[in-house]
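Here are a few worked exercises to go through with the model open beside you. Try each task first, then check the steps.

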Amino acid sequence: MKRGILTRIALFAACIVTAAGALISAPARADTPYKTYTVNGYGEIRETQTAYLAHETILKFGDEAMNSPNDICVTADGRIYVADTGSGRILIGNADSELLGIVGEGVLKTPKGVDVTPDGHIYVADRDLNAVVEFDENGTELHRYLKPENPLYGETMSYLPIKITVNGAGLMYVVCESNTNGIVELSPLEGGTFLGYFGTNYASRSLQTIIYRIILTDAQRAKMVSNIPATPDNLDIDSRGLICTVTRGDGINSLKRLNIAGANLIKKAEPIDNPAAVAAGNHDNIYVADQQGYIYEYDNDGDLIFVFGGRDDGTQRIGLSSMVSGLDVDANDALYVLDSNSATIQVYEPTEFTDLLHSALYLYSKGQYTESREPLGQVLRMNSLFDLANKAMGRAYFQEENYGEALRYARLSKDRTGYSDAYWEVRNAWLKKNLATVIVILIALAVLLRVLKTLDKKHGIFAAPRRALAKAGETKYISSLRYGFRYMRHPIDASYGIAREGRASRSASLTLLILFIAEFLINKYLCGFLQKTVQEGRYEFFTDIGAILLIAAGVTLCTYLICSINDGEGNAKRIFTVICFSLTPYILLTPVSFALSHVLTGNEQFLITLTQVITYGWMAVLLVTGIREVNNYSAKETAKVILLTLFTALILALLIFIVYVLWAQVVEFISAVIGEVSYRAG
C-alpha cells in the first residue's frame, strides 16, 4: 500500500518537473497591452483584431546600453543601426540583442539621424558636428559633408542635420533643424554638391490671418508673428525612390509621399498630431509613429489601415513607448520602434491577418487583380467588416469587368467612387440591352395618350371622373391644399389670401407639415447610395420627427414674438400657415431628386445638387415673402425681423441645451444616490 502511494507521488513530482521545464524552455510572450483600430467606410475609428503582436523589448546590445537614442535603421540582413546620441556613436546589433559593432566613437558628437545603403555605407546626420558623415561597412570615415557653400542655400542659414535618407544613386536628403526651406538635397560629387531644396512645406494661412493682413498697415503686419512653413520632422525612402516625410502641425498633410519633382502623391491622410518617425514598408505601405507611441499604417493611397500601440503609463509593459524618436521595418515586416526616453527598442511582429492583407493590397497595387482576390477573400473570412479589404475586392472585380460584384463590394465598403464607376457600367449594359424596349414602350404610351384624348374629345369618356374631381376640389380642405400651388407661383397674392381671406386652413397646413416629414424621412433613409448621409441600418425616426416638430414650433414662436413687438399684423396661426406652405417646393421637388439619386452616377450628382439649391432657395423666398405680406412690413422691416428671429432662435436653442444638460446631470445624480442607497442597504 505504501509502495503504491510512493509511486503515485513520484509520478506526480515527475509531471510537475516536466511542466516546469516546458514553461522555462518556452519563449516568454506577454499579452498585447493595446488595442488595434482601423477606419471604416464612414471615416469612423473602429476596433479590429490585433494586427501586430508586441514581440520583445531590446534593452541593450551586448553590454552596451543606449543613451538618449534618436534614430534607427534596420537593413535587409537584419542588422540594427542606432544613432546613440547621448554617447556620440552608432551602435550596431541584431534582434537577439547581440552587439555587432560600434561606429563613430571619438568622431561623432550628437548623431541624430542614421541611414545605411545596400552596400553597407553608413550615413550619419550629426547636429553639433554640423555635418553629414559617411562611413564604410567597417566603420572607417569616408567623407564629411559640411554646410553647402552655394548661395542658394542661404549664407545666414544654419546647417544642423538631424535626419537623413539616401537613395540608390547616392543622393542625400537631409532634414536640418530650423530650416524652413525644405529638405536639403546633396550630391556626393565634389565633396557634397547642393542640388537645392526638396519637398518644401506650405505655410498655413487661416481666414483670420488673411483678413488681418488685408486690413492692417505695413507697420502692424510687421509686428505679427511670421507665417512660415514647418520643417519636416523625419523622412524615409521607399523601394521606388519616393521620399516619405512627416511634419507636425500640418493636418491632413502631416504625411507626404514625394516624387522626384517634389509633388505629394498622397492627397489626404488621417492627420497625426505629433508624428515623430516614418518608415516605408515592403508592400507600398507606410508606417508613422507619433511621440506617444501610437503607430499608424497607411496603404499606397494614404488610406489608414491600422492604428495600434500606445503610451507607456510607467508600468514598462512590452509594446508601449513613452517618447518615440525612430521607426523602421525589416524584411519580414517586423517593426522596430525606438524610444529615446527609456532607451529601448520595441519590436512588433505582424499577425497572419496582417500578412494576408499586405499580400492582397500589394498584388492589387501592382495590377494583379485576379491574384489579389484569393488573399482578400481570406482576409474577409477573418473579418467580413474590414472595409479596406471590401474596397479592394470591389476594385479587383471592377478591373475584371464583373461589375455586379464590384457594385456589391463597393456598397459594403462605402466606396462611393468605386460604386459610381461600377454603376455606370451596369447602367450602360442595361441600356444597351433594354433601350429598344424602352423606346417602344414610350411610343406606345404616347400613342395611347393621343387616342384617349381623341376619344374623350368626341365621346367624353373622362367626363364623369372630371366632375368627381371638380366636386372634390370644391371642398375647403382640398381647396386649401391646392392653394399651395398658387402660393408657390404667386406668393404675394397668396399671402394676402392667407392673411385676409382665410384661404388656407389649419388642417391643410398640418397636412403639408406631415407630408414634409414623410418625404424627409424617406429621402434620408431610402435615397440612392451616393446621396445617403446616414449609416446603413441606423434609423432615428422619432428623433428626426421630434427635431422637425421642435424646429417648426420654435420658429413659429420666435417669429410671432418678434413680429408682435414690431407691430406685425400676423398672428401665430397665420405665421404657422406661412411656414407650412413654404414647404411646398420641398414636397413637390424632393421626389424628383429622390428618383434621380437612384439612377445617376457620381459625375451626374450635380443635377441633384441643382435641384436641392432650387428647392431651398424657393422655400426661403416663399418664407420671407409670406412673413412680409402677412405682417404688412416693408423690405427693411422684414430684414430686421428675420435677423431678430434668427438671434432669438439661437438664444432659445441655447436655453434648451442648458436645460437638457442640467436635467441630465440631475437624473445622473438621482441615479447615483439611488445606487448608493441600494448598495448600502445590502
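**Exercise 1: the second largest pocket**

How many residues line the second largest pocket, and which of them lie nearest its centre?

Before starting, note that this is a predicted model, where local features need pLDDT of at least 70, side-chain atom pairs count only at pLDDT 80 or more, and totals for chains, interfaces and linings use all residues. Residues are numbered from 1 along each chain as its sequence is written, and side-chain values use heavy atoms, with hydrogens and water left out.

Step 1. Get the term straight: on a 1 Å grid over the protein atoms alone, a pocket is an open set of points with protein on both sides within 12 Å along at least five of seven lines, while a cavity is a set of points where a 1.4 Å probe fits but cannot get out; lining residues have an atom within 4 Å of a point.

Step 2. The lining has 22 residues, and Val39, Gly302, Asp303, Leu304 and Lys391 lie nearest the centre.

Step 3. Helix α6 (residues 387-399) gives the most to this lining, with three residues. Helices (H or I, at least four residues) and strands (E, at least two) are DSSP runs, numbered from the N terminus.

Step 4. Sort the lining by class: eight nonpolar, five polar and nine charged residues. Here Ala, Val, Leu, Ile, Met, Phe, Trp, Tyr, Cys and Pro count as nonpolar, Asp, Glu, Lys and Arg as charged, and the others, Gly among them, as polar.

Step 5. The volume is about 640 Å³, taken as the space filled by probe spheres set on the points, with grid points joined across faces, edges and corners.

**Exercise 2: the largest pocket**

Find which elements give two or more residues to the lining of the largest pocket.

Step 1. This pocket holds about 990 Å³ of space.

Step 2. Its lining counts 45 residues, with Val74, Asp115, Val116, Pro118 and Ile237 nearest the centre.

Step 3. The elements asked for are β6 (71-74), β10 (111-116), β14 (161-166), β18 (234-237), β21 (275-280) and β25 (324-329).

Step 4. By class, 20 lining residues are nonpolar, 13 polar and twelve charged.

**Exercise 3: two sheets**

Work out the strand order in the sheets that hold β6 and β10.

Step 1. With β6, four strands make an open antiparallel sheet ordered β6-β7-β8-β9. Its edge strands, β6 and β9 (99-103), each pair on one side only; pairing takes at least two DSSP bridges between two strands.

Step 2. Zoom in on β6 and strand β7 (residues 80-84): four bridges join this antiparallel pair, and Ile72 has Val82 in β7 as its bridge partner.

Step 3. With β10, the open sheet has four strands in the order β10-β11-β12-β13, again with antiparallel pairing. β10 and β13 (141-145) have a single partner strand each, so one side of each is left without a neighbour in the sheet.

Step 4. Strand β11 (residues 122-126) and strand β12 (residues 131-135) run antiparallel and share five bridges. Val124 has Val133 in β12 as its bridge partner.

**Exercise 4: the cavity**

Which residues line the largest cavity?

Step 1. Searching the whole structure turns up one cavity of 30 Å³ or more, with about 40 Å³ of space in it.

Step 2. The lining consists of Tyr42, Lys414, Arg416, Phe529, Lys532, Val534 and Glu536.

Step 3. By class, that gives three nonpolar, no polar and four charged residues.
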